Amino acid sequence: MTMTWTGSRKSFDVPCTVEIEQTSETLHAHVILDGDIDIKPGDQVRVHDAPTGVEFGQRLVVRRTATVVRGGWLDRLRARIEGYLELTELYEVSFSDGRAS
């Protein structure tokens, strides 16, 4: 793990596993960072040379390197506020049939 400072934000490189699957049962992409790394709101993770997709019916698992940039207190606050505002949009969803009584 290589650790550097970018301005006031700490960043480091870490090996990771990228898994992409596109089948009739599932469509997903996961990145699993090696080690016990706690990603918090406001942090950024950039996977270098990551594959972007697979053909239908295929599953791809590759090893890559990711750069984690730790967010500062302002980044964390902004991420929490944005998350809260996104959550409140869900409150406006209605499950009624739309008919007036």
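Buried means under 20% relative accessible area, exposed means over 50%, and partly exposed lies in between. Keep these cut-offs in mind. D34 has a relative accessibility of 27%, so D34 counts as partly exposed. The model discussed here is predicted.

## The core

Start inside. The largest nonpolar core has twelve residues. Among them are F12, V14, C16, V18 and I20. L33, I37, V47 and V54 belong to this core too. V62, A66 and V68 complete the list. Two strands, β2 (9–22) and β5 (58–69), each supply at least two of these residues. Strand β2 gives the most, with five residues.

Look at V62 more closely. Leaving out residues up to four places away in sequence, V62 touches C16, T17, V18 and P51.

## T17 and its surroundings

T17 is found in strand β2. Is T17 buried or exposed? Its relative accessible area is 19%, so T17 is buried. The cut-off for buried is under 20%.

Which residues is T17 in contact with, leaving aside neighbours within four places in sequence? The list begins with H30, V31, I32 and D34. It also holds V61, V62 and R63. With R63 there is a polar contact: the two side chains are joined at 2.6 Å.

## Salt bridges

Side chains of opposite charge can pair when their charged atoms come close. How many salt bridges does a search of the whole structure find? The search finds seven. Three of the pairs are set out below.

| Salt bridge | Closest N and O atoms |
|---|---|
| R63 and D34 | 2.6 Å |
| D43 and R70 | 2.7 Å |
| D43 and R76 | 3.1 Å |

Take R63 and D34, which form a salt bridge. This pair links distant parts of the chain, 29 residues apart. R63 sits in strand β5, while D34 sits in the loop between β3 (27–33) and β4 (44–48). R63 has a relative accessible area of 46%, so R63 is partly exposed. D34, at 27%, is also partly exposed. Both residues appear among the contacts of T17 as well.

Next comes D43, which forms a salt bridge with R70. D43 lies in the loop between β3 and β4, and R70 lies in the loop between β5 and α1, so the pair ties together parts that are 27 residues apart in sequence. D43 counts as buried, at 13% relative accessibility. R70 counts as buried at 18%.

D43 also forms a salt bridge with R76. Here R76 lies in helix α1 and D43 in the loop between β3 and β4, so this pair ties together parts that are 33 residues apart in sequence. R76 has a relative accessible area of 22%, so R76 is partly exposed.

There is a network too. Salt bridges link E19, E21 and R59.

## The surface patch

Now turn to the outside. Which residues form a nonpolar patch on the surface? They are W73, L74, L77, I81, Y84 and L85. Together they have about 710 Å² of accessible area.

L77 is one of this patch. It lies in helix α1, residues 73–90. Why does L77 count as partly exposed? Its relative accessibility is 43%, and partly exposed lies between the cut-offs of 20% and 50%.

Key: Residues numbered from 1 in each chain as written. Predicted model: local features only at pLDDT ≥ 70, side-chain atom pairs only at ≥ 80, totals over all residues. Heavy atoms only, no water. Core = buried A, V, L, I, M, F, W, Y, C linked by side-chain atoms within 4.5 Å. Buried < 20%, exposed > 50% of the residue type's maximum accessible area, 1.4 Å probe, protein only. Helix = DSSP H or I, 4+ residues; strand = E, 2+ residues; numbered from the N terminus. Contact = heavy atoms within 4.5 Å. Patch = residues over 30% accessible without salt bridge, like charges linked within 9 Å, V, L, I, M, F, W, Y side chains within 5 Å. Areas by Shrake-Rupley, 256 points an atom, 1.4 Å probe, with all protein chains shown as cover. Salt bridge = Lys/Arg side-chain N within 4 Å of Asp/Glu carboxyl O. Polar contact = N/O pair within 3.5 Å; in protein donor to acceptor, adjacent residues only side chain to side chain.
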